[in-house]
Amino acid sequence: LAHKLASFEGEVFPFHVGDTWLEPPEGCRMEDLSVASHPGMHRYTQPHGHLPLLDALSARLEEQNGVETTPANILITTGATGGLGAIMGALVEPGDEVLLVAPFWPLISGIVRSFHGTPIAVPILQHVDSPETAVESLQENLTERTMAIYINTPNNPTGRVLPRPWLEAIVEWAARNDLWIVADEVYEDLVYEGEHTHCRSLAPERVFAAHSFSKAYAMAGNRCGWVAGPRSEMVELQK
């Protein structure tokens with residue numbers, strides 16, 4: 001469609017890369033930060049993340065998910081992209097298969113391949129009409145090499161929010177088959193119809209949730225995100 005857009009005379013909104021066209025709210029801009037208020041802001045921080053940030057996110061996630069959350073459950077990452085890379089790097093062995101609920105954010109397939117895994121697209125969002133048929137589609141693609149399922153809701157590129165009964169059915173199916181769940185929730189604060197369900201609230205023992213400051217806070221240039229997951233496995237992500 002690029003050639004059509006090039007000749008289009010009206011205003012064009014570039015949604016394809018999830019970039020921001022607004023400035024961040026006051027308090028989140030570079031001009032709002034000073035060494036006097038943030039001593040050591042130009043030095044290396046802990047690889048795990050800045051402790052005050054970890055504490056703030058722990059409180060936020062615990063309130064959202066209703067699940068006990070401490071800094072040990074969280075890793076600050078180079079955006080959600082870096083977070084998803086950390087997840088796949090910790091979980092995927094060569095030859096493992098990861099089911100991708102489709103349509104999906106396209107870079108995830110490359111992230112899976114970069115760790116010698118095999119991404120398997122499973123058309124669901126526009127091809128099934130109930131939690132039961134969604135599970136049937138996943139079951140048809142399940143093999144002995146399947147080790148995880150990737151779910152992106154609110155969805156990029158469709159904007160669709162998976163209803164809670166669908167997520168509950170998918171999470172229950174994943175638990176029966178001993179699969180990890182990778183929840184891409186970077187658009188969690190941009191829901192205009194329906195209600196977003198955090199996957200971690202359904203199965204905190206097997207969900208890794210990727211989040212980002214880029215979307216809701218218009219801070220894409222900061223390249224800052226975070227991952228929340230089971231405490232025992234987060235040690236592997238921190239590597």
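Start by selecting Glu188 in this predicted model. Is Glu188 buried or exposed? With a relative accessibility of 8%, Glu188 counts as buried, because the cut-off for buried is under 20% relative accessible area.

Keep Glu188 on screen and add Arg60. Their side chains meet in a salt bridge, with 3.9 Å from N to O. Now colour the backbone around each one: Glu188 sits in the loop between strand 5 (180-184) and strand 6 (207-212), while Arg60 belongs to helix 2 (residues 51-65), so this pair ties together parts that are 128 residues apart in sequence. Why can such pairs form? Side chains of opposite charge can pair when their charged atoms come close.

Next, select Arg164 and Glu168. Here the closest N and O atoms of the salt bridge are 3.0 Å apart. Which element holds this pair? Both residues lie in helix 6 (residues 164-176), four residues apart, or about one turn of the helix. Switch on the surface and you will find Arg164 partly exposed, at 40% relative accessibility. Glu168 is partly exposed as well, with a relative accessible area of 36%.

Your next stop is Asp178 with Arg206. This salt bridge has its closest N and O atoms 3.8 Å apart. It links distant parts of the chain: Asp178 is in the loop between helix 6 and strand 5, and Arg206 is in the loop between strand 5 and strand 6, 28 residues away. Look at the surface again: Asp178 counts as exposed, at 60% relative accessibility, whereas Arg206 is buried, at 13%.

Now go back to Arg60 and Glu188 and add Asp189 to the selection. Salt bridges that share partners join these three residues into one network. Over the whole chain, the count comes to eight salt bridges.

Finally, zoom out and show the chain as a cartoon. How many helices and strands can you find? There are seven of each. Trace them from the N terminus and the order reads α-α-β-α-β-α-β-α-β-α-β-β-β-α. The radius of gyration is 19 Å, close to the 18 Å that the globule rule gives for 239 residues, so the chain is as compact as a globular protein of that length. Along its principal axes, the C-alpha trace spans about 60 × 55 × 35 Å.

Two last views are worth a try. Colour by burial: 45% of the 239 residues count as buried. Then colour by charge: the mean positions of the 15 positive and 31 negative charges are 5 Å apart.

Note on methods: Residues numbered from 1 in each chain as written. Predicted model: local features only at pLDDT ≥ 70, side-chain atom pairs only at ≥ 80, totals over all residues. Heavy atoms only, no water. Helix = DSSP H or I, 4+ residues; strand = E, 2+ residues; numbered from the N terminus. Rg over C-alpha atoms; globule rule 2.2 N^0.38 Å. Buried < 20%, exposed > 50% of the residue type's maximum accessible area, 1.4 Å probe, protein only. Lys, Arg positive; Asp, Glu negative; His and termini not counted. Charge placed at Lys NZ, Arg CZ, Asp CG, Glu CD. Salt bridge = Lys/Arg side-chain N within 4 Å of Asp/Glu carboxyl O.
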